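Work through the exercises below with the sequence and the model open side by side. Try each task before reading its solution.

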Amino acid sequence: MARTVKIEAGTDGRRLRGQENRRRIVEAMLELVRGGNISPGAEDVSARANVGLRTVFRHFDDMDSLYRELSEMIRAEIEPVMSRPWPEGGWPVRLDAIVERRAQVFEKIMPFQIAADVHKHRSAFLREDHELLTRMQRAVLREALPPEMRKDRIAFEALELLLSFDAWRRLRLEQGLSVQQAKKTIAAAAAAISAGRGK
C-alpha cells in the first residue's frame, strides 16, 4: 500500500513539474514575441523559461497546442476591453468606442498577429484562430451598427476593412503613424463612410 502511495505521489509530482515547465515555456514564448522575436528558437525559450533544452523540445513537438495556450493567455488579457458594454448614445458614440477599443486590442496583440502570420501556413490552429477573430470582429461591428447601415453592404464592408487589424497595422507600421494619429485617421474615414447613414 505504501509503495502504491509513493508511486502515485511520484507520478503526481512529475505531472505537476511537467505542467509548470509547460507554463513557463508558454510564458517565455509570450515574452519573447512581445519583445519582437516573431519566431523564438528553442534555445531562446529555454534560456527565458529557465528550463532544459530537452524539456523545450519535448513540448515543442506539438506546436498547435502551444499556440492554443498562447492564444488563451492573450484572449484573457483583451477580454476586459472587448466585453465592455456599449456607451449610451447613437452610432457616432458607438463608433468612437469601437475605434478606441480596437486600438487598445490591436496594440496589445500586434506582435502576436505578426508572428502568427509568419507561422499560419503550417498551423491549422493559427488559421482557425485568425478566421475566428475575423468573424468576431464582423459580428461586433454588425451589432453596433444602426439597422439601416446593416443593410448597406458596401458601407458595412468598407467599415469592416477600415476597422480591421490589417488596416491598423499598416497605419502604425508601414505609414508610421502614432497611436493617436492612427485613431484619428480611422475615426475620420469611418465618419465619412457613415455620413448621412446612421443616427
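**Exercise 1. A residue in helix H5**

Task: Place Gln113 and decide whether it is buried or exposed.

Solution. This is a predicted model. Start with the element: Gln113 sits in helix H5. Next, take its relative accessible area, which is 14%. The cut-off for buried is under 20%. Gln113 is therefore buried. Finally, look for its partners beyond four places in sequence: Gln113 contacts His130, Leu133 and Phe165.

**Exercise 2. The aromatic pair**

Task: Find the aromatic pair, classify its geometry and say which parts of the chain it links.

Solution. Step one is the count: the structure holds 1 aromatic pair. Step two is the geometry. The ring centres of Phe106 and Phe165 lie 5.6 Å apart, and their planes meet at 80 degrees. Planes over 60 degrees apart count as edge-to-face. The pair is therefore edge-to-face. Step three is the location. Phe106 belongs to helix H5 (residues 91-119) and Phe165 to helix H9 (residues 165-174). The two are 59 residues apart, so the pair links distant parts of the chain.

Step four is burial. Phe106 has 3% relative accessibility and counts as buried. Phe165, at 6%, also counts as buried.

**Exercise 3. Around Phe106**

Task: List what Phe106 touches beyond its sequence neighbours, then give its C-alpha distance to Leu133.

Solution. Leave aside residues within four places in sequence. Phe106 is then in contact with Gln137, Leu163, Ser164, Phe165 and Trp168. Now take Leu133. Phe106 and Leu133 are separated by 27 residues in sequence, and their C-alpha atoms are 12 Å apart.

**Exercise 4. One face of H2**

Task: Which residues of helix H2 are buried, and how are they arranged around the axis?

Solution. Helix H2 covers residues 42-49, and its buried residues are Ala42, Val45, Ser46 and Ala49. Look down the axis of H2: these buried residues fall within an arc of 100 degrees, so they line one face of the helix. Then turn to the face pointing away from the buried side. Glu43 and Ala47 are exposed there.

**Exercise 5. The residue after H2**

Task: What is notable about the phi of Asn50, and where does this residue lie?

Solution. Begin with the background. Most residues other than glycine have a negative phi. Asn50 has a positive phi, near 60 degrees, and is not a glycine. In sequence, Asn50 comes just after H2. It is part of the loop between H2 and helix H3 (53-60). Its relative accessible area is 62%, so Asn50 is exposed.

**Exercise 6. H8 and its cover**

Task: Describe the buried and exposed sides of helix H8, and name elements that cover the buried residues.

Solution. Helix H8 runs over residues 153-162. Its buried residues are Ala155, Phe156, Leu159, Glu160 and Leu162. Down the axis of H8, they fall within an arc of 165 degrees, so they line one face of the helix. On the other side of H8, Arg153, Ile154 and Leu161 are exposed. The cover over the buried residues of H8 includes H5, helix H6 (124-144), helix H7 (147-150), H9 and helix H10 (179-194).

One buried residue of H8 deserves a second look. Arg142 lies over the face of Phe156, 4.1 Å from the ring centre.

**Exercise 7. Ala144 in H6**

Task: How buried is Ala144, and what does it touch?

Solution. Ala144 is in helix H6. Its relative accessible area is 1%, so Ala144 is buried. Not counting residues up to four places away in sequence, Ala144 touches Trp86, Trp91, Arg94 and Ile98. Leu95 gives a further distance to check. Ala144 and Leu95 are 49 residues apart in sequence, yet 7.9 Å apart from C-alpha to C-alpha.

**Exercise 8. The whole chain**

Task: Summarise the secondary structure, dimensions and burial of the chain.

Solution. Count the elements: there are 10 helices and 0 strands. Then compare radii of gyration. The chain has 22 Å, whereas a compact globule of 199 residues would have a value near 16 Å. The C-alpha trace spans about 75 × 40 × 25 Å along its principal axes.

Next comes burial: 38% of the 199 residues count as buried. The chain exposes about 11,700 Å², with carbon and sulfur atoms supplying 55% of that area. Last, take contacts between residues at least 6 apart in sequence. Of these, 64% join residues at least 24 apart.

Definitions and conventions. Residues numbered from 1 in each chain as written. Predicted model: local features only at pLDDT ≥ 70, side-chain atom pairs only at ≥ 80, totals over all residues. Heavy atoms only, no water. Phe/Tyr/Trp six-rings, centres within 6.5 Å; stacked < 30°, edge-to-face > 60°. Helix = DSSP H or I, 4+ residues; strand = E, 2+ residues; numbered from the N terminus. Buried < 20%, exposed > 50% of the residue type's maximum accessible area, 1.4 Å probe, protein only. Lys NZ or Arg CZ within 6 Å of the ring centre and 35° of its normal. Rg over C-alpha atoms; globule rule 2.2 N^0.38 Å. Contact = heavy atoms within 4.5 Å. Areas by Shrake-Rupley, 256 points an atom, 1.4 Å probe, with all protein chains shown as cover. Arc of directions from axis to C-beta.
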